[in-house]
Each structure stands twice: as C-alpha cells, then as structure tokens.
Amino acid sequence: MPSGYDGFKYGADREIYSAAKVKALESLLIEKGIITGNTVDTILSYFETEMGPFNGAKLVAKAWVDPAFKARLLADCNAACAEMDFPPGMSGAEGEHMRIVENTPEVHNVIVCTLCSCYPWPTLGLPPYWFKDPTFRARVVREPRVVLKEFGVELDDSVEVRVWDSSAQIRWWVLPMRPAGTEGMSEAQLASLLTPEAMMGVATVTVNR
Ligand code: FE
C-alpha cells in the first residue's frame, strides 16, 4: 500500500490482536490433533518462497519483452504459467481459473472480490488485509476513480476504468503498463519493478531512479 494511505483507519493495535487470535487458534488446532506443530510454518514458507507476487512479476516482465508470450498470457493465464519453471501443483491452490487483463493508455483495470476475498494465489500470493475489507469491496465498485485516487492512481477522464469481480470461478489480476525509460532493462530488472498493488490495479509501475 502506498505510504501515507489511511483510507481504512485501522487501529494501531490491529496486528497485535490478530496475531494473538491466530496463536490461540493454532494452539487449539494442534491440541485437537487437526494440525501439527509445523503445519503453519510449512504453509507460510510456501507463500514466502514458492507462491507469491514474485511469480506474477516474472510473468508480467516476460510479457513486456515477449509479445507472443503476452498474447498467450492474456488468452490463457494458466497455460502461460505452465510454460514457466514454477513449482508444480500451484494451480490447485486458488488458481484453477486465473485471468489477466491488460492496462493500456485507454483502459485501467482494478480487481476486487465483492463477495469475500478471492485472489490469484499462484501469481500474487495471499491478498493484503485491506483487499478483504468490506469498505474497499463496496467502494471500489461504486466509486472506483475516487478509490484509485486515494491509492495515488490519478486517471485522466478519458481513461475507462474496469472493475473485475473475482469469484471461485475466475480470479482476475492485472497486467500493468510498462513504464517509460525501461527499454534497456533485463527481464529480472523489469520484474523487480512490479508490486502486488500494480498487479491489482491500485498502483502504477514506476522506475525509482
Ligand atoms: Fe472471494
């Protein structure tokens, strides 16, 4: 999230309470024999090393340098993922039907799950807290331009805004525009410019030089 954004007014102690609740729940599940002591650590490490926005960044960077790959990515995201050296089995984890939509000078896309928190885990990892916030989910549909402006994305009136509502059937994400001044960059350098927010449509990609 952009620094300085306080659109949700979360209390400063939210993380402490959340962590305490998670700890209590984990202890209870271990006590009842439903999970073992390292189940949570195993899952967390999976999201840190195998399934996360670093995968989405690689896909977008490759699409930026390879128009044929971009066409395949837009046509069939899951098939394009299968071309990469990603860990197997990812598509089974909230990624069975992912679709990516392309930002252009004429169209800006933003994603939401109005019902709950559906999100393309294989390419973007776990959703940020605010993505599940009922206020964000309602407002981004009702007044997307206002919400985008609060996130720091100022769009010209001529730009069409499209809001994509994910569900258990389709999980959307965004192919951001490649910023100017990146012509000489390698795929790895391009991937390092990408943020989860840019691939959600609530930020643009910038070159910090
Ligand atoms: Fe959902």
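Q: Before we look at anything, what counts as a polar contact?
A: A polar contact is a pair of N or O atoms within 3.5 Å; inside a protein, one of them must be able to donate a hydrogen and the other to accept it. Keep in mind that this is a predicted model. Here, the side chain of Arg171 meets that cut-off: it reaches the backbone oxygen of Tyr119 at 3.4 Å.

Q: Where does Arg171 sit, and is it buried or exposed?
A: Buried means under 20% relative accessible area. Arg171 has 5%, so it is buried. You'll find Arg171 in strand E4, which covers residues 171-175.

Q: Which residues is Arg171 in contact with, once its neighbours within four places in sequence are left aside?
A: One set is Glu94, Gly95, Glu96, His97, Met98 and Arg99. Then come Cys118, Tyr119 and Pro120, plus Ser166. So Tyr119, whose backbone oxygen is the polar partner, is on that list because it counts as a contact of Arg171 too, at heavy atoms within 4.5 Å.

Q: Cys118 is in that list. What does Cys118 do at the iron ion?
A: When you read a metal site, go through the donor atoms one at a time. Cys118 gives two of them, N and SG. The other donors to the iron ion are Cys113 (SG), Cys116 (SG) and Ser117 (N), with distances of 2.1 to 2.8 Å.

Q: How are the donor residues spaced in sequence?
A: Their spacing reads C-x2-C-S-C. As for cover, Cys113 and Cys118 are both buried.

Q: Now the nonpolar core. Which residues have the most contacts inside the largest one?
A: Look for buried nonpolar residues joined through their side chains. In this protein the largest such core has 49 residues, and Phe136 and Trp173 have the most contacts inside it. Helix H3 (residues 53-65) supplies the largest share, six residues.

Q: Stepping back, how many helices and strands are there, and in what order do they run?
A: Nine helices and four strands. Reading from the N terminus, the order is α-α-α-α-α-β-β-α-α-α-β-β-α. The radius of gyration is 18 Å, close to the 17 Å from the globule rule for 209 residues, so the protein is as compact as a globular protein of that length.

Q: What share of the residues is buried, and what of the contacts and the surface?
A: Buried residues are 39% of the 209. Of contacts with a separation of 6 or more, 68% join residues 24 or more positions apart. The protein exposes about 11500 Å², with 56% of it from carbon and sulfur atoms.

How values were computed:
Residues are numbered from 1 along each chain as its sequence is written. This is a predicted model: local features need pLDDT of at least 70, side-chain atom pairs count only at pLDDT 80 or more; totals for chains, interfaces and linings use all residues. Side-chain values use heavy atoms; hydrogens and water are left out. Donors are N, O and S atoms within 2.8 Å of the metal (3.2 Å for Na, K and Ca); water is not among the atoms, so sites may look incomplete. Buried means under 20% relative accessible area, exposed over 50%, partly exposed in between (1.4 Å probe, protein chains only). A nonpolar core is a set of buried Ala, Val, Leu, Ile, Met, Phe, Trp, Tyr and Cys residues joined through side-chain atoms within 4.5 Å. Helices (H or I, at least four residues) and strands (E, at least two) are DSSP runs, numbered from the N terminus. The radius of gyration is taken over C-alpha atoms; the globule rule is 2.2 Å times the number of residues to the power 0.38. Accessible areas come from the Shrake-Rupley method with a 1.4 Å probe; for residues, only the protein chains shown count as cover.
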